[in-house]
Amino acid sequence: MELRKYLLPGLISVTLLSGCSLFSGEEDVVKMAPLPKVENQFTPQTAWSTSVGDGVGDFYSNLHPAWLDGTVYAADRFGVVKALDASNGKEKWKVDLSEKTGFFSKNISALLSGGVTASGDRIYIGSERGQVFALNTSDGGIAWQIKVAGEALSRPVVSDGLVLIHTSNGMLQGLDQSTGVIKWTVNLDMPALSLRGESAPTVAFGGAIVGGDNGRVSAVIVNQGQLIWQQRISQPSGATEIDRLSDVDTTPVVVNGVIYALAYNGNLTALELRSGQVLWKREIGGVKDMVVDAGRIYLVDQDDRVIALNADGGVAIWRQSDLLHRNLTSPVLFNGYLVVGDSEGYLHWINTLDGRFVAQQKLDSDGFQTEPVVAGDKLLIQAKGGEVYAITR
């Protein structure tokens, strides 16, 4: 597992201050599985592609496009944000959120990181600098900008007139959607060491359901910022600090009154929505968002197995293990198939019934880090180098 790209920057300082390594012995070298040979049953087509700045490079970032009313919104880490026509990829507008320093000096990077969210007449995006921006969808103008409690590493979530932000120091904050004013803050607690990433909340029946770096899932009343319940789904254990990581960095999924949540080094757990009571759990760990559809759960575990399970009890239906350690994205469902990207720039299309590959395509030499986004009849995916692709089947 390539943990270095996920761990918080504080890991280095923690290691130096303690005077010892977090790893017992030399770091294990994990070999990426070779590219599986696939006989395509169909040929996915690239409808268009366009560059959005310089992407994220080698940094871990959750930047991915958003789609709303025929327009694609995408950003790079430096601060470039673009609106693109979803039908052809043509640019509608472009803004730069980097900090201006002077005529002869390079601007300071905005360090955008939290993913783009489009809602109503605005888009929302957070940064590693603890800034959240609201931009007008009409021209990219800044409607408001606010400093939040910490790095905004997950995508903003809009609900009930609020923009919900989960920061890297374990704070869940509710911002007024119109003005950006912080209405409430809930402290979800934070361990000394955690993975680099935060769970984006899921809103259901007036509650925000969110995972925490402390191995817990929490429910918060959205319009009040009041904690309802917390439930631990992962217990730190093991000989090393890495083994004891128990973050719930995935976005919980709520279906028919049941919450499905996934922890690193932990469990896939089903919880009762109202009380947080554990209904069942399975020993599967991961940091990628999952899909729940038609009575099935589809997920990528921390070794990059793609797994389908029954949503009623977590019984495995199939496992696809031919993509081990290829640093897969979260899966999405598109046109009846499960699609994942990998760090070498391939998209893999998988039959949801049996886990077999049905198509494979090479798109980008820089590779993918964040999941594809379904945009009507197209599938959008942003490469680490900043290229955005629109795919049709």
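**View A. All five residues of strand 23 are buried, so this strand is largely enclosed by the rest of the structure.** This is a predicted model: local features need pLDDT of at least 70, side-chain atom pairs count only at pLDDT 80 or more, and totals for chains, interfaces and linings use all residues. Residues are numbered from 1 along each chain as its sequence is written, and side-chain values use heavy atoms, leaving out hydrogens and water. Buried stands for under 20% relative accessible area, exposed for over 50% and partly exposed for anything in between (1.4 Å probe, protein chains only). Cover reaches both faces of strand 23: Arg296, Tyr298 and Val300 are buried on one side, while Ile297 and Leu299 are buried on the other. Strands (E, at least two residues) and helices (H or I, at least four) are DSSP runs, numbered from the N terminus.

**View B. Here strand 23 is shown with its antiparallel partners, strand 22 and strand 24.** Strands count as paired when DSSP finds at least two bridges between them. On one side, strand 22 (residues 291-293) runs antiparallel to strand 23 and is joined to it by three bridges. Look for Asp293, which stands opposite Arg296 of strand 23. The two strands make a hairpin with two residues between them, and Ala294 in this turn has a positive phi of about 50°. With strand 24 (residues 306-310), strand 23 pairs in the antiparallel sense over five bridges. Arg296 appears again here, with Asn310 as its bridge partner in strand 24. Five residues separate strand 23 from strand 24 in their hairpin, where Asp304 takes a positive phi near 70°.

**View C. Strand 20 sits in two hairpins, one with strand 19 and one with strand 21.** Strand 20 covers residues 268-272, and four of its five residues are buried. Strand 19 and strand 20 run antiparallel and are joined by five bridges; Val258 has Glu272 of strand 20 as its bridge partner. Their hairpin leaves five residues between the strands, with Asn265 in the turn at a positive phi of about 55°. On to strand 21, which pairs with strand 20 in the antiparallel sense over four bridges. In this pairing, Leu268 stands opposite Arg282 of strand 21. This hairpin has five residues between its strands, and Gly276 in its turn has a positive phi of about 80°.

**View D. Two tilted Tyr–Trp pairs are shown here: Tyr260 with Trp280, and Tyr298 with Trp318.** Searching the whole structure turns up eight aromatic pairs. Rings of Phe, Tyr and Trp (its six-membered ring) pair if their centres lie within 6.5 Å; planes under 30 degrees apart are stacked, over 60 edge-to-face, and the rest tilted. For Tyr260 and Trp280, the centres are 6.2 Å apart and the planes meet at 50°. This pair links distant parts of the chain, from Tyr260 in strand 19 (residues 258-262) to Trp280 in strand 21 (residues 278-282), 20 residues apart. Tyr260 and Trp280 are both buried. The rings of Tyr298 and Trp318 lie 6.3 Å apart, centre to centre, with 40° between their planes, so this pair is tilted. Tyr298 belongs to strand 23 (residues 296-300) and Trp318 to strand 25 (residues 316-320), so the pair ties together parts that are 20 residues apart in sequence. Tyr298 is buried at 4% relative accessibility, and Trp318 is buried at 7%.

**View E. Four strands form an open antiparallel sheet in the order 26-27-28-29.** At the edges are strand 26 (332-334) and strand 29 (357-362), each pairing on one side only. Strand 26 runs antiparallel to strand 27 (residues 337-341), and three bridges join them. Across this pairing, Leu333 stands opposite Leu338 of strand 27. The loop between strand 27 and strand 28 (346-351) holds Ser343, which is buried with a relative accessible area of 17%. Leaving aside residues up to four places away in sequence, Ser343 touches Met32, Arg326, Asn327, Asp366, Gly367 and Phe368; contact requires heavy atoms within 4.5 Å.

**View F. Phe42, Phe334, Tyr337 and Trp349 are linked into a cluster by ring pairs.** Over the face of Phe42 lies Arg393, at 4.2 Å from the ring centre. A charge sits over a ring if NZ of Lys or CZ of Arg is within 6 Å of the ring centre and within 35 degrees of the ring normal.
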